[in-house]
There are 2 protein chains.
Amino acid sequence: MTANQLFENICRKKSFLCVGLDSDITKIPPHLLSTENPIFEFNKGIIDATADCCVAYKPNIAFYESLGVKGWQALHDTVQYIRQHYPDQFLIADAKRGDIGNTSEMYARTFFEQFDFDAVTVAPYMGEDSVTPFLRYPNKWVILLALTSNKGAADFQLTEDNVGERMFEKVLHRSQQWASSDQMMYVVGATQNEYFDAVRQQAPHHFLLIPGIGAQGGDLGKVCQHALNKQCGLLVNSSRQILYAANNEQFAQSARHEAQKVQHAMQSILAERGWITL
Amino acid sequence: MTANQLFENICRKKSFLCVGLDSDITKIPPHLLSTENPIFEFNKGIIDATADCCVAYKPNIAFYESLGVKGWQALHDTVQYIRQHYPDQFLIADAKRGDIGNTSEMYARTFFEQFDFDAVTVAPYMGEDSVTPFLRYPNKWVILLALTSNKGAADFQLTEDNVGERMFEKVLHRSQQWASSDQMMYVVGATQNEYFDAVRQQAPHHFLLIPGIGAQGGDLGKVCQHALNKQCGLLVNSSRQILYAANNEQFAQSARHEAQKVQHAMQSILAERGWITL
């Protein structure tokens, strides 16, 4: 998928919501636990209930890995289900990988060949040759960590170098030499309001993947005020608030209700900017 | 395993070699491809042939993931095989994970509960709360990336802050507030000779995991000259040079021959320091 196609989807669906599939076996409704593939059953319910409210799904790979072979199978079934039933969705593997070249190649193979994801999140610490193997796949994306939503972001990402450039700014500017804004996005946490202007100064044209709305305390309005660009340029993720809206047989309807609330807020923002009419 | 136990193993086995199980389905001997679980069969051959030459094994998770469910199963079988037959081996998941707290918890669960690894490699970019969930397991280790062996290491790891501290030094000094040298090691590439003194200045007591010997061009003698500490303090990894020493039915014997060469060199170094007698 190209950046233009993603923007078209956003306008058509009146949403730039990404639903994070952080599907936790200890939190899903108990009635699903007796099914053969509980995580997949849960995801299917969530996906069918939210697909018209969002433009992207983001399985958080840790939650699948932690279940071993069964979790890996549930991830496989989930990706296949979305591809078959909702082919316009942008599919992000939230994996935060990154290693020396021959190993990043293997991770790229995992997420772009074994699974047909559109994008994978990558950690920048190991530099250019840890990222470029993911960029060899046409129409596939790297979503590079720039400024994350957690407290620990301050430990290294805000470090200023000897000419006053902060680490997240260095990541933004160096990595633009590796790929265009049609193959690279950046993770910037919704909790990092005071830095959005600095991010947009370095990366005015790139899509940003924004986690941290909801359970982590980020605010959609504030994010949009500072981070929207000329083609929206945002995918805002919500996971726990949607997935665990209810813990009973109505979990999917409750998830839909939460997703709709976010989508309605996004719709107003998109209309205010003149990209859609209501 | 404690640092003392690891040092005891090193002295007893006269080796501080870690064999990296970067087991690549496209590189293993063709006669194994007709078996039911080729990667596991390959690993079993390598492990049986090298276990008396090394103190640690390090499966590179990317290579297993890239095969999907089958790869995950091969990893499971490999870990179980080592635990059953060679319980004194230190088992490292080379995974380079790291995410917000609730997600790192899941990764920790994967490698320390689903699999019984002793240690997992972690990327530091997301800071303290992305690392600490791995530290809640007694006797389990985090091996934090400090200065990696690849070219891209120069992109961000060597950046100097406004008081002249380089990023890898900041990682070394900050992270020592999170855990003792009985739960934390650091990755420092064998190719980073000029920085070993700086590493040992920041982290004199910690074990270092040293990749980059062999295919990546690092030199054992030079590494030891600068990086040995009072309790050896090194695990030196070799992967491709051992695994792919031969591509025929004698692959295991050839791997053993390569592992023995490294072990002999290590034995001399350990004897020179007076830790063992020959």
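1. Quick term first: two strands count as paired if DSSP finds at least two bridges between them. With that in hand, look at strand β1(A) and strand β2 (residues 56-59) of chain A: 4 bridges join them, and they run parallel. For a register check, find A:L21, which sits opposite A:P59 in β2(A). Bear in mind as you go that this is a predicted model.

2. How does the chain get from β1(A) to β2(A)? The path goes through helix α2 (residues 38-50) of chain A, and the resulting β-α-β crossover is right-handed.

3. β1(A) has another partner to look at. It pairs with strand β8 (residues 234-238) of chain A, again in the parallel sense, over 3 bridges. Here the residue to pick out is A:V19, which stands opposite A:S238 in β8(A).

4. Is strand β1 (residues 17-21) of chain A buried or exposed? Buried: that goes for 5 of its 5 residues, so the strand is largely enclosed by the rest of the structure. Both faces are covered, with A:L17, A:V19 and A:L21 buried on one side and A:C18 and A:G20 buried on the other.

5. Now the two chains. Chain A can be laid on chain B by a turn of 180° with a shift of 0.0 Å along the axis, and the RMSD is 0.0 Å. The two copies are therefore related as by a two-fold rotation axis.

6. Last, the interface. Of the interface residues of chain A, 100% are also interface residues in chain B, so the copies meet through the same surface.

Key
Residues numbered from 1 in each chain as written. Chains lettered and ligands numbered in written order. Predicted model: local features only at pLDDT ≥ 70, side-chain atom pairs only at ≥ 80, totals over all residues. Buried ≥ 20, exposed ≤ 12 C-beta atoms within 10 Å, placed from the backbone. Helix = DSSP H or I, 4+ residues; strand = E, 2+ residues; numbered from the N terminus. Right-handed = clockwise from strand over helix to strand, strands pointing away. Least-squares fit on C-alpha atoms with pLDDT ≥ 70 in both. Contact = placed C-beta atoms within 7 Å.
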